[in-house]
Amino acid sequence: MHFKGLIAALFSIAAVFALSGQAKAEGAVKLVGFGDSLMAAYNLAAEDGFPARLEAELRARGHDVEIIDAGVSGETTSGGLARLDWSIPDGADGVILELGANDALRGLPPEKSRENLEAMVARLTERGIPVLLAGMLAPPNMGADYETSFNAIYPDLAAKYDLTFYPFFLDGVAGNPSLQLSDGMHPNPEGISTMVERFAPVAEAFLARIKGG
């Protein structure tokens, strides 16, 4: 976990949720994008990051929504679980949960990643905060057994907890150098556009579930 990224995320959340009373009056749905560098606009301007671009797209589609960037570069599922309770304010109407890529890159045990993700989903569910689960896939070089165990985590949890589910957060970007930064892993602004375009219909379904109570 990068300390500067964590502090930036906390200030971002605090700044927006300090206005929660005004937001409620205006009817805005407040979502928190809780994740790692893929959520945290890694090496991009904040306005080019996934939370900002998804918010703009949803607003363009007629939804009154705010999406707070609570991504921290380098975050694992263990780190996310450790900061979950104080990173997700009670005023949140929903959470986009995107974690696990760093677990897979480091070869951490899939059963531990599953345990951490399930603990986060359970805690948010207990608090009455809906979750949109963004799935991740293990790199092929981790081997077939690891890939099978890791990739099953997200659909299993989505089914168990009846979550709104997006199967692969990097769909359309992974393996496409023209949509990635020079590191070959993170999306560039064009990659973010692809991600947002594909993710937006699922986000709209999530908003419909939130508004439907």
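Two rings of Phe, Tyr or Trp, the last taken by its six-membered ring, form an aromatic pair if their centres lie within 6.5 Å. By this rule, six aromatic pairs are present in the structure, which is a predicted model. This briefing covers the aromatic pairs and the helix α7, then the strand β3, the nonpolar core and the salt bridges.

**Aromatic pairs and clusters**

- Y146 and F150 form a stacked pair, with 6.1 Å from centre to centre and 10° between the planes.
- Both Y146 and F150 belong to helix α7, which spans residues 144–151, and they lie four residues apart, about one turn of the helix.
- Y146 has a relative accessible area of 12% and is therefore buried, the limit for that class being under 20%.
- F150 is also buried, because its relative accessibility is 0%.
- F150 forms an aromatic pair with Y154 as well, and this one is edge-to-face, at 5.8 Å centre to centre and 65° between the planes.
- Y154 has a relative accessibility of 1% and so counts as buried.
- One aromatic cluster consists of F50, Y166, F169 and F199.

**Helix α7 and its surroundings**

- In α7 the buried residues are Y146, F150 and N151.
- Viewed down the axis of α7, these buried residues fall within an arc of 110°, and they therefore line one face of the helix.
- A144, D145 and T148 are exposed on the other side of α7.
- The cover over the buried residues of α7 includes the helices α5 (101–105), α6 (110–126) and α8 (153–161).

**Strand β3 and its partners**

- Strand β3 covers residues 94–98 and is mostly covered, with five of its five residues buried.
- G94, I96 and E98 point one way from β3, while V95 and L97 point the other way, and all are buried.
- In a regular strand, side chains alternate between the two faces of the sheet.
- Strand β1 (residues 29–35) runs parallel to β3, and five bridges join the two.
- In this pairing, F34 stands opposite L97 of β3.
- Strand β4 (residues 131–134) also pairs with β3 in the parallel sense, over three bridges.
- Here I96 stands opposite L132 of β4.

**Nonpolar core**

- The largest nonpolar core has 59 residues, and F34, L54, L97 and F199 touch the most other members.
- Helix α9 (residues 189–212) supplies the largest share of this core, with 10 residues.
- Two of these core residues, F34 and L97, recur in the strand pairing, where F34 stands opposite L97 in β3.
- F199 also recurs, as one of the residues of the aromatic cluster with F50, Y166 and F169.

**Salt bridges**

- The structure holds 14 salt bridges.
- Side chains of opposite charge can pair when their charged atoms come close.
- R53 and D48 meet through their side chains in a salt bridge at 3.6 Å, N to O.
- R53 is partly exposed, with a relative accessible area of 22%, and D48 is partly exposed as well, at 26%.
- E115 and K112 form a salt bridge through their side chains at 3.1 Å, N to O.
- E115 and K112 are three residues apart in helix α6, so about one helical turn separates them.
- E115 is partly exposed at 47% relative accessibility, and K112 is partly exposed at 36%.
- The side chains of D171 and R198 also meet in a salt bridge, at 3.1 Å, N to O.
- This pair of D171 and R198 links distant parts of the chain: D171 lies in the loop between β5 (164–166) and α9, whereas R198 lies in helix α9, 27 residues apart.
- D171 counts as partly exposed, at 31% relative accessibility, and R198 counts as partly exposed at 40%.
- E55, R59 and D64 are linked in a network of salt bridges.

Key:
Residues numbered from 1 in each chain as written. Predicted model: local features only at pLDDT ≥ 70, side-chain atom pairs only at ≥ 80, totals over all residues. Heavy atoms only, no water. Buried < 20%, exposed > 50% of the residue type's maximum accessible area, 1.4 Å probe, protein only. Pairing = 2+ DSSP bridges. Phe/Tyr/Trp six-rings, centres within 6.5 Å; stacked < 30°, edge-to-face > 60°. Arc of directions from axis to C-beta. Contact = heavy atoms within 4.5 Å. Core = buried A, V, L, I, M, F, W, Y, C linked by side-chain atoms within 4.5 Å. Salt bridge = Lys/Arg side-chain N within 4 Å of Asp/Glu carboxyl O.
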